[in-house]
Every structure is written in structure tokens, then in C-alpha cells.
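Reader: I'm new to reading protein structures, and I'd like to learn how to go through one feature at a time. Could you walk me through this one?

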Amino acid sequence: WGILQDRFGVAEPSMINRLDRETSGVTLVARNSRAADICRRQFNCRSVTKKYTVLVEGGLDGPVRARGYIVNCADSAIRKKRRFEPAAGTLPEPGREAEWADTNFTPLERRGAVSLLEAVPHTGRLHQIRATLSFLGCPVVGDKMYGLDEGIFLRFIEERLTPRDAAAMRIGRQAMHASELSFSHPSDGRPMTIAAPLPPDMLGLSGI
């Protein structure tokens, strides 16, 4: 916020979308309230396309479209942890009180014991991609909460991470990157696609 104001002269920046603390990549900022309203409406009506590049443990045999519900993970020691429950059909069940989640996953590259995937969420639920990948058996590399051992998250918040934890995570953060965002420009409606290259920590990671 301070950088936008001091370095780029944006007097009242409005953050349109947010990323998890450990997720890198593209986020959208509006210069004024009118532009912010138009951009937020696009997010609310799901006309914005978001693409994420994710490194996961293991991998998928082919493209997957995961439809289901994001619910609280009642059996977890982590209060804010959520889990994905697959749905029988392709649409939300009438009357069910849970958050419908819909995500496309496409394998991109195998790197030994880890894989690079593209994730395209059609809904915007908290921890949607991470919880869904955990259910699919290929959690995000470095994910302390949804990874191979949720105890890593509990030790992390207590500042008790061990060398074994660091080795299991492979990387110091969750290996998830918001790689591309497509939307309509708020001033004239022209299509815009903003992309961010993979950061060095993900580029150099392999599971060999």
C-alpha cells in the first residue's frame, strides 16, 4: 500500500483481490473508487479468469475438474483448516449449506517426485485450491497446513520447526503462484491479461 502511494503516486489504491500470505503472483489494484467498483463487479459475477501455477507432491495422471464443497475440517487441530468434499453431480445440491467449489487442474511438467500443475478456479473459496489438491492426494509443496503433515503448521506457529520439517517442505513457503489474471479494463472494457513469471524459488525446485 505504501509503495503504491509513495513510489507510484496512487493516492487511494483499492485492492481488488487478495492472495494467501505465502502465495506469489498477480494481484489487481484500482486507482480510484469507480474503477474499483467495476473491477469488483467482474469478480462477483465470475467474469474474471484466474490461473495459478502450483508445484505439488506427486501429481495427476491427466486433467481433472474437481467439483464439490469446501467445509470446515472438524477433525483437525487447526481451527481455520478446511477440506474438500466431492459432489455427486456437476451443480450444487439444492438446500445444502456449504461453499460450492469448482476447479480445473491440468498437469504441466513432472519434476521427479513433484509436478507442476495449472489450476483454474471457477469459484473463489478460501483455501479452495490447496484443500482440493490435498483431497486429490497431491498437496501443494511447502504447504504447512494442507501438506503431508499438518503438525508442521502447529510447530511453525510456535516457532518450533525442525530440520526434518524443512526437508519435508522442500521450500520455505507454499509453492503456489498466481500466474495470470484476465479481466475487462474498467475504463473502456477492452480485454486485459496480466501475467507474472514464476519466481526463482519455484523455478529452481525439483523433487529429485
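Author: Happy to. Keep in mind that this is a predicted model. Let's begin with a single residue: cysteine 73 is buried, its relative accessible area being 13%.

Reader: What makes 13% count as buried for cysteine 73?

Author: The cut-off does: buried means under 20% relative accessible area. Cysteine 73, at 13%, falls on the buried side. Cysteine 138 is buried as well, with a value of 0%.

Reader: Where is cysteine 73 placed, and which residues is it in contact with?

Author: Cysteine 73 sits in the loop between strand 5 and strand 6. If you skip the neighbours within four places in sequence, cysteine 73 is in contact with Lys81, Arg82 and Arg83. Here's another way to look at its position: pick alanine 35, which is 38 residues away from cysteine 73 in sequence, and the two C-alpha atoms turn out to be 37 Å apart in space.

Reader: How many disulfides does the structure hold?

Author: Zero. Cysteine 73 is in none, and the nearest cysteine sulfur, that of cysteine 138, is 17 Å away.

Reader: Why does cysteine 138 not bond to cysteine 73?

Author: Think about distance. A disulfide needs two cysteine sulfur atoms within 2.5 Å. The sulfur of cysteine 138 is 17 Å from its closest partner, in cysteine 73, so that is too far for a bond.

Reader: Okay, let's zoom out. How many helices and strands are there in the chain?

Author: You'll find six helices and 10 strands. The radius of gyration is 18 Å, close to the 17 Å that the globule rule gives for 208 residues, so the chain is as compact as a globular protein of that length. Along its principal axes, the C-alpha trace spans about 50 × 45 × 35 Å.

Reader: What share of the residues counts as buried?

Author: That's 44% of the 208 residues. Contacts tell you something too: take those between residues at least 6 apart in sequence, and 63% of them join residues at least 24 apart. As for the outside, the accessible surface comes to about 11,600 Å², and 51% of that belongs to carbon and sulfur atoms.

Reader: And the charges: how far apart are the mean positions of the positive and negative ones?

Author: They are 3 Å apart, for 29 positive and 24 negative charges.

Reader: How do I read a single helix?

Author: Start with the general idea: an α-helix has 3.6 residues a turn, so residues three or four places apart point the same way. Now try helix 3, residues 128–135. Six of its eight residues are buried, so helix 3 is largely enclosed by the rest of the structure. The buried ones are Gln128, Ile129, Arg130, Ala131, Thr132 and Leu133.

Reader: Which strands do the buried residues of helix 3 pack against?

Author: Among them are strand 4 (49–57), strand 7 (99–111) and strand 9 (176–184).

Reader: Last topic, backbone angles. Which residues here have a positive phi?

Author: One of them is glycine 137, just after helix 3, with a phi of about 85°. Histidine 127 has a positive phi of about 65° although it is not a glycine. Histidine 127 lies in the loop between strand 8 and helix 3. Arginine 170, also not a glycine, has a phi near 70°, and its loop runs between helix 5 (163–169) and strand 9.

Reader: Are histidine 127 and arginine 170 buried or partly exposed?

Author: Histidine 127 is buried, at 11% relative accessible area, whereas arginine 170 counts as partly exposed, at 34%.

Key:
Residues numbered from 1 in each chain as written. Predicted model: local features only at pLDDT ≥ 70, side-chain atom pairs only at ≥ 80, totals over all residues. Heavy atoms only, no water. Buried < 20%, exposed > 50% of the residue type's maximum accessible area, 1.4 Å probe, protein only. Helix = DSSP H or I, 4+ residues; strand = E, 2+ residues; numbered from the N terminus. Rg over C-alpha atoms; globule rule 2.2 N^0.38 Å. Contact = heavy atoms within 4.5 Å. Areas by Shrake-Rupley, 256 points an atom, 1.4 Å probe, with all protein chains shown as cover. Lys, Arg positive; Asp, Glu negative; His and termini not counted. Charge placed at Lys NZ, Arg CZ, Asp CG, Glu CD.
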